[in-house]
Amino acid sequence: MNTRSTRKRSARSLEMPAAKTLIYVHGLANKPEEHVLKRQWDRALFGFDLGERSRMAYWVNRNRYGAPLGDTEDPDELAAMEPRAGFAAASVRRRGDSSGDLLPPEARGRSAESLRRLERELLNNVGAATPKGNFGKKILPAPKFVRDWITRGATRALLGDAYDLFFDPVERERMEESLKSRLRTGGGPFVIIAHSQGSMIAYDVLCRWDRTKDGDIEVPLFITIGSPLGLTEVKDRMKELTGQKRLSVPASARRWANFADTCDYVALDKKLAGDYVPKDRIEDAKVDNPVRKNPHSGIGYLGTEAVRSAVMGAVHKSLFQKVSGFTVTRDLSWAMDRESEKRHPVLIELQDREPFEEDWLLRDGGKPAGKVNFKAENPGKRVRDWILERVRQDLAAHEQIPPGIKDVEKAIAEHIDLEVLQSYVSAKLTRSEVEELASQMRGVAVYRVFKNNVKRRHLKNSVETIQASTAHLGYKAKGGGVCWAVLDTEVDAQHPHFNRKGEPPTVERLFNCTRNGAVEPIKIKDNKDVDGHGTHVAGIIAGANPALGISGIAPDARIRSYKVLGDNGDGSDAKIIKALDHIYDSNRSASELQVHGVNLSLGGGFDPEAFGCGDTPLCKELRKLWRQGVVVVISAGNEGQYDIPSVGSLNTYISIGDPANLDESIVVGSVHCTKPHLYGVSYFSSRGPTADGRSKPDVVAPGEKILSCRARDPRTTAPYGKTENELYTYLSGTSMAAPHVSGLIACFLSARREFIGYPDRVKRILTQCCTDLERDVRSQGAGLVNLVKMLIST
């Protein structure tokens with residue numbers, strides 16, 4: 001490369017826009033599943049998963065190759081070259097040749113003649129002493145019969161896949177659409193990295209890109225690795241497909257870098273400059289593929305310094321760091337790559353502030369002209385309207401809108417479970433819809449897009465254990481005048497435990513948050529708890545049955561039930577946030593707090609690479625409630641022990657999940673119900689610290705074999721029974737420990753009302769007055785809660 005051309009290219013590279021997204025186009029033959037292959041390319045190139053910053057154009061012909069490869073070390077391994085048995089057998093039978101014809105069985109006439117020329121070009125040049133392309137003398141380090149076997153395998157795969165591209169219009173359209181669909185959704189400028197036959201697909205798509213139909217795209221850098229685009233027969237076919245008399249660099253590609261290993265048995269002509277014009281826009285480079293047994297390996301090419309340097313020179317470096325800005329979380333990107341056509345539950349955080357300059361990098365077109373008034377613009381409505389129109393177009397295109405529907409918008413909202421919350425919008429969207437939303441609405445209405453994670457209930461003579469019975473007698477601390485919200489499955493409000501004779505009902509209101517739309521009040525007569533978890537939790541907090549001598553921790557407290565979990569015990573972040581918004585608005589619209597505390601005996605995992613620990617969308621909403629003056633009590637989780645096959649059960653630290661990793665909360669682990677000093681922390685109770693090193697759980701409370709209310713079978717209309725066995729049941733888990741603390745704090749606030757609205761002070765008193773069980777602080781936190789100590793100290 002001469003100095004003058006280098007100077008020209010350097011000047012041109014300074015003018016090129018920095019890319020924001022990588023698009024991979026894989027090579028010939030079989031491959032692992034899309035999400036596995038993308039992760040392998042990410043790690044080969046950068047050493048970590050890029051999430052939304054990279055996309056894979058996945059085009060494997062499953063009819064030809066059958067089941068995908070596993071998570072192999074090299075997804076371009078030689079075994080991947082073999083078609084499934086039916087294709088190979090058909091090929092041998094058609095020719096009557098014991099060695100097997102390398103052409104696909106469907107090739108006939110003109111297509112067979114073309115592929116035969118390509119076959120001769122491959123077989124006559126691979127392993128030659130002076131490989132075509134003049135990169136120097138180098139031969140694949142293997143005996144001749146091994147080189148011949150490798151060559152024939154690669155040739156068979158290339159001929160089969162090349163047939164699909166050159167002579168099968170349906171397969172060609174499918175291949176090309178795999179790339180077009182990843183470009184069409186926005187997110188550019190792009191660096192396109194194409195391997196082997198993927199370079200043929202990418203070249204064809206870029207040359208024939210329809211700007212009128214599909215919009216403008218910017219490709220600052222087009223990279224080909226191990227490309228057959230220099231083969232004579234391939235060039236002839238590309239001229240035919242693209243309608244060019246002289247092959248040229250695609251107009252949208254500002255620069256083309258071509259990399260080849262001397263021993264690559266597919267990239268025989270290793271220099272493309274001159275074959276494609278203008279040649280000064282193509283840079284050919286020799287690289288030594290580190291996968292020596294397979295010099296055509298795409299993973300190997302991506303790991304070379306030359307390819308890495310080319311990519312890093314063309315992208316926004318700040319976006320391609322392990323910790324960098326993002327719009328779509330990595331765990332959502334992984335899920336969508338696994339099932340690209342499926343509708344995935346997403347939680348969209350709205351843009352409610354002026355973005356930083358770096359935030360505009362993630363939006364197509366950058367910063368919009370003029371100033372955006374986020375309060376006036378109502379980002380929730382903008383996002384809702386955008387989603388409804390985009391989904392309507394998609395359903396109409398696939399003729400999936402049934403005729404005769406009067407309110408199409410309402411039907412679509414129900415179909416995708418669309419919810420507009422105060423700071424979020426939730427919906428079920430496809431991968432392409434998420435990518436378009438992120439690229440078009442980032443900064444002006446959308447801040448981030450999360451996976452709408454599933455949350456589950458935490459299932460696995462305790463009044464005396466936490467000194468509540470003494471407080472009832474000595475301090476009259478029974479929870480009177482205090483209201484606690486239970487976010488769970490539901491509460492069986494007609495249960496005798498909540499309806500003592502001569503006392504107002506314990507359950508004052510019930511709400512359903514699981515349906516699409518606004519929070520729905522539930523009538524007592526229509527109330528039922530199919531799962532029973534919420535009823536058991538509420539019975540620990542409040543209510544009593546004097547006839548049986550059974551009492552909740554705060555028998556006189558009132559309960560508000562928010563159904564956020566389905567009848568199977570599962571729910572989503574969006575439904576829980578809907579309930580939290582409702583509680584926040586109820587308190588804000590009144591002169592004093594209407595709800596003094598909330599109990600969440602639920603939780604799930606979270607991705608620490610997607611958001612800070614304790615900073616998920618759910619945690620943000622709980623933090624807002626805490627700052628309003630509401631005490632937030634959360635179960636620690638039941639992930640303290642893992643069962644590992646062939647190893648056994650292991651207790652693990654750093655097993656606190658979400659939202660239990662929230663700092664502005666009281667997180668409760670579990671101990672034995674009557675002998676906590678002897679048996680200590682329950683084996684199943686999740687242990688700290690949090691993933692970012694904070695101490696959790698905060699405290700522990702009884703959570704093993706806890707007796708509380710049994711919800712009535714919703715299928716029966718028979719009256720409630722009267723015996724303990726008919727009305728109550730035993731359950732275990734941190735789900736049972738958390739309501740002990742909720743009830744205890746309700747008792748405390750009923751006797752020390754000056755602390756209502758000051759959750760930080762309540763938490764400090766709670767933790768300072770705990771009984772030390774002399775266990776590891778990562779397991780017990782401050783220790784076992786003690787209501788009498790709290791009352792004495794204040």
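So, E419: in this model, which is a predicted one, E419 stands opposite S426 in β9. That puts us in the pairing of β8 with strand β9, residues 424–429, which is antiparallel and runs over 2 bridges. Helix α15, residues 379–397, packs on this sheet. It touches β7 (344–350), β8, β9 and β10, and the direction of α15 makes about 10° with that of β9.

Stepping back to the sheet itself, you have 4 strands in the order β8-β9-β7-β10, an open sheet with antiparallel pairing. Who's at the edges? That's β8, 419–420, and β10, 446–451, each of which pairs on one side only.

Okay, next sheet. This one is also open, with 8 strands, and the order is β14-β13-β17-β12-β19-β21-β24-β25. The pairing here is mixed. At the edges you find β14 and β25 (699–702), and each has a single partner strand, so one side of each is left without a neighbour in the sheet.

Inside that order, have a look at strand β12, residues 483–488, and strand β19, residues 597–600. Those two pair in the parallel sense, over 3 bridges. If you want a residue to click on, take W484, which stands opposite G597 in β19.

Now, what packs on this sheet? One helix is α21, which touches β19, β21 (631–635) and β24 (666–671). Its direction makes about 140° with that of β21. Then there's α24, lying across β12, β19, β21, β24 and β25 and running at about 120° to β24.

A bit more on α21, since we're there. The helix covers residues 617–628, so to speak 12 residues, and from first C-alpha to last it reaches 17 Å, close to the 16 Å expected at 1.5 Å a residue. Which of its residues are buried? P617, L618, C619, E621, L622, R623, L625 and W626. And right after the helix comes G629, with a positive phi, near 115°.

On to the cores. The largest nonpolar core has 102 residues, and the ones with the most contacts inside it are W484, L487, V741 and I745. Helix α24, residues 734–751, gives the largest share of this core, with 10 residues. There's also a second, separate core of 49 residues, including A162, L206, V234 and L247.

Let me pick out L487 for a second. Leaving aside residues up to four places away in sequence, L487 touches Y562, V564, I576, A579, L580, I583, N599, L600 and L602.

One more residue, and this one's in a loop: I522, between β14 (520–521) and α19 (533–541). Buried or exposed? The relative accessible area of I522 is 17%, and the cut-off for buried is under 20%, so I522 counts as buried. What does it touch? Not counting residues up to four places away in sequence, the contacts of I522 are E490, L510, F511, N512 and N527. And then there's K563, which is 41 residues from I522 in sequence but 9.5 Å from it in space, C-alpha to C-alpha.

Last, the whole-protein numbers. The secondary structure comes to 27 helices and 27 strands. Of the 794 residues, 59% are buried. The protein exposes about 32,200 Å², and carbon and sulfur atoms supply 49% of that.

Note on methods: Residues are numbered from 1 along each chain as its sequence is written. This is a predicted model: local features need pLDDT of at least 70, side-chain atom pairs count only at pLDDT 80 or more; totals for chains, interfaces and linings use all residues. Side-chain values use heavy atoms; hydrogens and water are left out. The expected span of a helix is 1.5 Å times one less than its number of residues. Buried means under 20% relative accessible area, exposed over 50%, partly exposed in between (1.4 Å probe, protein chains only). A nonpolar core is a set of buried Ala, Val, Leu, Ile, Met, Phe, Trp, Tyr and Cys residues joined through side-chain atoms within 4.5 Å. Contact means heavy atoms within 4.5 Å. Accessible areas come from the Shrake-Rupley method with a 1.4 Å probe; for residues, only the protein chains shown count as cover. Two strands pair if DSSP finds at least two bridges between them. Axes are lines fitted to C-alpha atoms, for helices over the stretch in contact, and angles run from 0 to 180 degrees between N-to-C directions.
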